[in-house]
Amino acid sequence: MTTTQSPVPITTEDYTARMSRAVADATEAGLDGLLVTPGPDLVWLTGYQPTAITERLTALVLAPGRQPTLLVPTLERPDVEHAVGAPGLSIVDWADGEDPFVRASTLIPARARMGIADSAWAMHLLGLQAALPESSYRSLTQALPMLRAVKDSKELARLAAAGAAADAVYEQILGVRFAGRKETDVAADLARLLRESGHEQVDFTVVGSGPNGANPHHEAGDRTIEVGDAVVLDFGGLMYGYGSDTSRTVCVGEPSALIREVHDVVRAAQQAGVEAVRPGVACKEIDRAARKVITEAGYGERFIHRTGHGIGTTTHEPPYMIEGEEQPLVPGMCFSVEPGIYLPGEFGVRIEDIVTVTESGGRRLNRTERDLKVVG
């Protein structure tokens, strides 16, 4: 499978600008700074990801008026120095035998209110609280939920490339035999095709056949796919460090009237959700638009999850398209629109595209057909 052209590199200056923006956002949120441990936030801010995340403390400290400082184990310092964002950092290391929390306490104001990465280990947070008993911490999802939500042109290019690659995988999987094979066999095909498409990481390959499709997060299992089954395909991963995530539902052989009916409702609901996307609209309105179609068709109780989630350096992140979410849409936000109907003991249907908010509406990053495809 051919791969897309590599996008424009993210530079040291880009990472430095992200860290500066994060500090400004933290100040606006009433925080004294941010503490970022290994995970998607650290990658987004610095371009650095440890080879292995271990019990040794690694923490980026961001605070107004201070140079961004990354505290790392001494044995991992050479890796940090090769990160693209490293020239914008002050690197401080600690050796085995030292107390890393004492070292960290010199970088954090004594009575600071800090935002801390959701991925921080409990033992690290507790160690920091013991070293700085008057400090306090809020999770970044709670304090700065939109930190990574609005994508710049380089990020959008990566998301578009990942989406196009996932589309190519779907087109290829339509030619694979389904009947008589196990779900795990088709899932393995999806994983292989994602890697061949240029994905460096496969996050999930959901293959839910027949009654298994009524479980939205079904893990591909040993069930043999049968003629007449509806099969939910939901797959994605990371390409150029950014996520893909798409869902389509196919039928093995001629679909029943009920499968066609449910699929038509979900397709209409997904279209309504996408058409509701425009700047200034609250996230909840995307959920309402899709859910209204399904409810009016009589399947409201069988749509059992939110309509969408943000996507970026992870495949699930804020914002969320769910009732109660008042966050207005902003150009550059990217998220899924993925309504579904799940009939226990029978089958499920889900259709999902990644959508980015434009100045005037929304643009799909997945372009494959959303009609019900018949496979062999």
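**Getting to know the pocket, the loop and the cores**

Colleague: Which strands each supply at least two residues of the lining of the largest pocket?
Modeller: In this predicted model, a pocket is an open set of points on a 1 Å grid over the protein atoms alone where a 1.4 Å probe fits, with protein on both sides within 12 Å along at least five of seven lines, and lining residues have an atom within 4 Å of a point. Strands are DSSP runs of E of at least two residues, and helices are runs of H or I of at least four, numbered from the N terminus. The two strands that fit your question are β7 (201-209) and β11.

Colleague: Which of the elements gives the largest share of that lining?
Modeller: Local features here need pLDDT of at least 70 and side-chain atom pairs 80 or more, while totals for chains, interfaces and linings use all residues of this predicted model. Residues are numbered from 1 along each chain as its sequence is written, and side-chain values use heavy atoms, leaving out hydrogens and water. The largest share, four residues, comes from β7.

Colleague: Which residues lie closest to the centre of the largest pocket?
Modeller: The pocket is lined by 20 residues. Closest to its centre are Pro216, His217, Asp234, His316 and Glu338.

Colleague: Where does Arg306 lie, and is it buried, partly exposed or exposed?
Modeller: Arg306 sits in the loop between α10 (283-296) and β11 (308-310). Leaving aside neighbours within four places in sequence, Arg306 has contacts (heavy atoms within 4.5 Å) that include His316 and Glu338. Buried means under 20% relative accessible area and exposed over 50%, with a 1.4 Å probe and protein chains only. Arg306 has 30%, so it is partly exposed.

Colleague: Which element gives the largest share of the largest nonpolar core?
Modeller: A nonpolar core joins buried Ala, Val, Leu, Ile, Met, Phe, Trp, Tyr and Cys residues through side-chain atoms within 4.5 Å. This one has 34 residues, and Leu34 and Leu144 are among those with the most contacts inside it. Several elements give two or more residues, including β1 (33-36) and α7 (153-173). The largest share, five residues, comes from α1.

Colleague: How many bridges join β5 to β6?
Modeller: Two strands pair if DSSP finds at least two bridges between them. Met114 of β5 is the bridge partner of Gly33, and in β6 the bridge partner of Met114 is Tyr137. β5 and β6 (residues 136-139) run parallel, and the number of bridges joining them is four.
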